[in-house]
Amino acid sequence: MNVMNGFLERELFLLSRKSIFSRFLIWLKRVWGPDSGDISSVVDDQSSLLESSPLGTFIYNLRALFIIGGIVFLLSLTLLGLAYQTDSEGVKLTLYLLWPVLFLAIIIALMLNRDLRKNLLDFQKKDFVGLYSIFEKYFFIDAALVTLATIVGKYILEIPVESLIFLVMANLFVHSIYVVGDKTKNIFQVSFVNSLILPFTVVPALITWFVLLTINTDARPVPQLFHSLLLWGPILGSVWVSIISISTISYLRKKELTFSENTMAVLVTLVASITDPLAEKVKDSNNIVSDGITSLLKNICSTKNSYGYRAARVWELVKAIKDEISQNVDDDLVWLASYSTDTKFQFPKVDAQNLPTAISPTLGSYTSSIAVPIRHNNLQTGFLELYLPRKILLTQHEAKFLQSVSEIIHLGYQLFKAKQEMLALDEVDNILDCESLDQAYQNATILLHKYLSAQGSMLLLKEKGSKKLKLIASEGFNRKYLDRNDYEVGRGLTGRCAEKGELILVNDVQNHLRLFDEDLLSNVEGGLGSKVVSWMAIPIGEKDDVLGLVKVVNKKTGASKWYTDFDQGLARELASRLKVVLDKFIHLEDIREAQQRALERAKAADLEKQKAEKLAKDRQQDLITLSHQLLTPLNANIGRISLMLEDNRLFSSLRTRLEFCNSLLFDAQDQIMGILIATSRESGQKIYVSKDKVVAQEMTKAIYERMRKTGNRPDLRFEYKEGNDFPILTIDKRLFSSVLYSLIHNATKYADKGSVIKLECGFEWSLLDRNVRHPAIKVKSIGPPIMFSEREKIFERFYRGQSVSNTGIYKEPGIGLGLWVARNLMWEAGGDITLEVSNENSRLSIFVIHFPGD
Amino acid sequence: MTNENPTRTHKILWIDEDGHILEPYLEFLEANGYKVEMCDNLSKGEKLVQSEKFDLVILDVMITPTEEEEKNAYTTEAADLGMQSGLVFFKRVKSYLEKSKTPLLVLTQRIGLEIRDKFVAEGLPQSAFARKSDLPTVRHVLEKLEEILAGK
């Protein structure tokens, strides 16, 4: 019983899975052996294309059974007719009617075979939808032929064929199943189609049946058994067809329900197996994709689902980038992930040149396999392989399921890849936190190695002010080979990348050797220890601001040998961050260099300043020493002459000459002492300043009288004026003498011819306290104008008034020391000298000696 | 040239290595009743101060030590004191001068305060200094000596 049940279930299953015709061909092949030739290619009706549609297969098989049943039925009638050896016209007419009808049905089927093939191919292309157009016409033809045969047989030939009308009923019944099962039809279409069928099938059948029951026609007599077969054959056939149809539909529905539940459960699990890893924190972001896809495959092969897949593998089709450089480069097929429930299972090799482009089951005893293309935007990006230990009858649902699985795998791949990219970018971002360029370089080469799977990587930077590209860091190369290379902007592809600021990628380098600089590539291959297969250079910076480049060669095994869009994207991101880091550090370096230069300049300037100061000090010291040395003979001469002048016996003429000599010596002494004190003061030396009581009038007159003798300006007159309460001054006599000498000498030098030099003693408001007045002597003279703006400058050492300088109108010789000396001496004495320039008379200059207060 | 005060005779020790330059001053001072003994080195001056009585000692700050003085540590000590050999001399004879109440006039061509401060630190009053340029003529010198001796 169990055997029977098993047989029936199997046959029922096969009725909706495999064309009877195909099974017959296979049986023939088995019987006749392999030498039978390719019989299937001759008579193949392409019914295997229907195998994805259980309903379609079932309908197809049902029609085949109708033909076969018809043949058996007619053969039985013929045999019975022969067995009775009767001349019954009823028998003859029956056979004469039904055989031609059957042959007519077969002939029409054969005539429509071309259309059937075409329709089946279209059906396959349309991806398992649209059964309607395939079998619709057969239902009409069958119904029409049987109805016609019934009417002709019953009313014209008068033979008992009325039960044939049951076949029309069965035809209608199956047709209803067929139409409803066709997913392209909505309920309106179904009703509409059925309403069209009714006039041709149901109505004539009912009329015939009505006639059969109500009118007692005298049919031609036929033998009893013949009549019974003729009556019950169609009825039983109709009943059988109805039962088979209902059973099959129920079976299919049950299977479909179970399948849908399984499908849903598996798809949910698969989706979960994408989302779960995405939520997890991962340490090694490099394996995210393969781990994630492996997890998907594990779920697909899980024993919990009923598909029976035992092993699975996913391949990624890496599209070679075909630009003007990388031409004629083949796509690369990369193993992405695999899983097998049986650890001993050996995955077969894949023919990279003959990839499956559609869901294609391969029959086999154990390792039957299904290849499912993985697509993105209608482009194949890879495929999924499934291995299972059963014969494959790929249903439309299973195919749909596998299509969904492939889409989920693609989605998972995209998501895992996105996560990997995100994590990679996070790591790349870490470069921004590097505290030194060396650290940034080191991290960059590590990232290139990790994420671009580069067998060799290097970092080259432009040298300032030259075309040279300096090798900063490298990984995976024997450096001694690389050091032989003189990389330059513009030389080879590397130089082109640095020059144009363009990313350059060359896959299949050995077929594009003409693009490379032979020497450079030779050393790179020497350093790498192998031939370069794939090559990529990424500029750091853009066109006019390229700082250098990152170069990677040869993707390592385990991944695609070609660099991909993803690699390009990641490399660009890395380069852009390196640019930021380099900019930052170069900027810092520039600042540091500028600071260093500034420091060096400052140091040099300081050194120069020190030198200058030392020189100035040396000169000051020389001047001081010289002044000292001059003073000794000067004093000696003054002493000697003064001794002579003490002799009352001297002739007046000699006395006058000696006095003149002495005056000159005193002038010199005033000058030298002035310079000595001012210079010593300037050199930082503390000067001894005595506080002598000085009667201004006495001293002033003595000096200008003396200078009148020694000077060469006899045209000038001196006027001395003193206020009534002008005090006896407290000041270093020696110093004051020098001050007066300097100012009077200055006045006599530049005063207009015949003018008067006025020396006025009075009081001035203190420069520091406007409420205090202190004694002051004004030396007034008329001469070349001193500009208002020169009021202070005129006291600077070596400064000469514009009007009297070598380029001035009143050119006069001089070195610009006198006023500087005078002011320094007064400062040393606690006073000051200022210059008043008259608004009314620009030629009037008034030097004011401010004496210190009490 | 006249002897303006012939009755007064003052014995003066003038220590200066440039005696030939000072000749006019000596002549004028002697004409005015002063007996001036010139001394061109410090050790000799030191001995004279210790052995004889003078009304006034005139000292030039900078006197180059002789070989004998170098042996006598003048140089080393002078170096320690900032090369003012006159200061070394003063330190050595200070007690004799104080004992005999002999005033000291320190003459210098220098205008700096530093030398004076060192002497002041050793107890010499500021008024005992004079710049040579303040006493250019023979009469200036005579007047200065008279001023000191009058205040003695």
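**Exercise 1. Burial and contacts in the two chains**

Task: State what percentage of the 854 residues of chain A count as buried, and set out how many helices and strands there are in chain A.

Solution. Step 1: the burial criterion is a count of neighbours: a residue is buried if 20 or more other C-beta atoms lie within 10 Å of its own, exposed if 12 or fewer, and partly exposed in between, with C-beta atoms placed from the backbone. Step 2: under this criterion, 36% of the 854 residues of chain A count as buried. Step 3: chain A contains 22 helices and 17 strands, where helices (H or I, at least four residues) and strands (E, at least two) are DSSP runs numbered from the N terminus. Step 4: two residues are in contact if their C-beta atoms, placed from the backbone, lie within 7 Å. Among contacts in chain A with a separation of 6 or more, 69% are between residues 24 or more positions apart.

The model is predicted, local features need pLDDT of at least 70 and side-chain atom pairs count only at pLDDT 80 or more, while totals for chains, interfaces and linings use all residues. Residues are numbered from 1 along each chain as its sequence is written, and chains are lettered from A and ligands numbered from 1 in the order in which they are written.

Task: Repeat the analysis for chain B: what percentage of its 152 residues count as buried?

Solution. Step 1: for chain B, 39% of the 152 residues count as buried. Step 2: chain B has 7 helices and 5 strands, and their order along the sequence is β-α-β-α-β-α-α-α-β-α-β-α. Step 3: of the contacts in chain B between residues at least 6 apart in sequence, 68% join residues at least 24 apart.

**Exercise 2. The packing of α20, α21 and α22 in chain A**

Task: Classify the packing of α20(A) and α21(A) from their angle, and identify the residues of the contact.

Solution. Step 1: axes are lines fitted to C-alpha atoms, for helices over the stretch in contact, and angles run from 0 to 180 degrees between N-to-C directions. Step 2: α20 (residues 696-710) and α21 (residues 733-750) of chain A pack at about 45°, and their axes are 10 Å apart. Step 3: α20(A) is therefore oblique to α21(A), given that angles under 35 degrees count as roughly parallel, over 145 as roughly antiparallel, 65 to 115 as roughly perpendicular and the rest as oblique. Step 4: the crossing is right-handed; a crossing is left-handed if the near helix is turned anticlockwise from the far one by less than a right angle, and right-handed if clockwise. Step 5: α20(A) contributes residues including A:M699, A:I703 and A:M707, and α21(A) contributes residues including A:F736, A:L740 and A:I744. Step 6: this contact of α20(A) with α21(A) has 8 nonpolar, 4 polar and no charged residues, where Ala, Val, Leu, Ile, Met, Phe, Trp, Tyr, Cys and Pro count as nonpolar, Asp, Glu, Lys and Arg as charged, and the others, Gly among them, as polar.

Task: Carry out the classification for α21(A) and α22(A).

Solution. Step 1: the axes of α21(A) and α22 (residues 818-828) of chain A come within 9 Å and cross at roughly 150°. Step 2: these two helices, α21(A) and α22(A), are therefore roughly antiparallel. Step 3: α21(A) passes α22(A) in a left-handed crossing. Step 4: among the residues that meet are A:L735, A:V739 and A:L743 in α21(A) and A:L819, A:A822 and A:L825 in α22(A). Step 5: by class, the contact of α21(A) with α22(A) has 8 nonpolar, 5 polar and 1 charged.

**Exercise 3. Positive phi values**

Task: Locate A:E158 and A:F798, and determine whether each is buried, partly exposed or exposed.

Solution. Step 1: most residues other than glycine have a negative phi. Step 2: A:E158, not a glycine, has a positive phi of about 55°; A:E158 lies in the loop between α7 (132-156) and α8 (165-181) of chain A. Step 3: A:E158 has 15 other C-beta atoms within 10 Å and is partly exposed. Step 4: A:F798, also not a glycine, has a positive phi of about 65° and is placed in the loop between β15 (773-782) and α22 of chain A. Step 5: A:F798 is exposed, with 9 other C-beta atoms within 10 Å.
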